[in-house]
Amino acid sequence: FPEHEVLGITSQTELYFPDIYTNCEYTFGEIYLYLSCTERCYNSSCPLDSSRILQYDSCPGQYPNRIYTLADISNKEYLTFVTKSRDLYTNNYFQCDNNKCLEYNKVCNLVDDCGDHSDEEMCSN
């Protein structure tokens with residue numbers, strides 16, 4: 001492994017996803033969310049329904065350094081938040097039924113990270 005090529009620093013990682021329906025039974029976390037929510041899985045539904053849209057007051061007590069911003073879904077604006085890490089802004093958070101929030105890699109990973117099973121209930125993997 002060459003010293004000058006550190007993955008993610010001097011080179012990019014490319015991910016290729018199928019253009020057709022696929023079996024998502026053995027996919028987990030962010031990849032499962034991406035495939036199911038872009039309707040690339042058969043027999044799977046997207047766990048990110050409209051009731052889980054992050055609002056400005058979502059995830060109470062978490063992310064104290066949040067940055068408030070406007071978002072637009074279907075021409076309807078709402079106030080939400082993003083967080084910053086290493087010069088990148090993100091709002092890839094899943095809101096559990098108990099108002100706890102998780103990063104997408106913790107959703108549909110066969111572990112009850114929410115503590116109320118809401119991060120696993122809409123998953124078919």
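A contact here means heavy atoms within 4.5 Å. This is a predicted model, where local features need pLDDT of at least 70, side-chain atom pairs count only at pLDDT 80 or more, and totals for chains, interfaces and linings use all residues. Residues are numbered from 1 along each chain as its sequence is written, and side-chain values use heavy atoms, leaving out hydrogens and water.

**View 1. The whole protein, with its one helix and five strands.** Helices (DSSP runs of H or I, at least four residues) and strands (runs of E, at least two) are numbered from the N terminus. Starting there, the elements go α-β-β-β-β-β. Among contacts with a separation of 6 or more, 35% link residues 24 or more positions apart.

**View 2. The surface, about 8,800 Å² of it exposed.** Areas come from the Shrake-Rupley method with a 1.4 Å probe, and for residues only the protein chains shown count as cover. Carbon and sulfur atoms supply 50% of the exposed area. Of the 125 residues, 30% count as buried (under 20% relative accessible area).

**View 3. An open sheet of three strands, in the order S1-S2-S3.** The pairing is antiparallel; two strands pair if DSSP finds at least two bridges between them. S1 (67-73) and S3 (88-90) are the edge strands, each with a single partner, so one side of each has no neighbour in the sheet. From one strand to the next, the twist averages 45° (an angle between N-to-C directions, from 0 to 180 degrees, with axes fitted to C-alpha atoms).

**View 4. Where S2 meets S3.** Strand S2 (residues 76-85) runs antiparallel to S3, and three bridges join them. Look for Lys84, which sits opposite Tyr89 in S3.

Notes: Buried means under 20% relative accessible area, exposed over 50%, partly exposed in between (1.4 Å probe, protein chains only).
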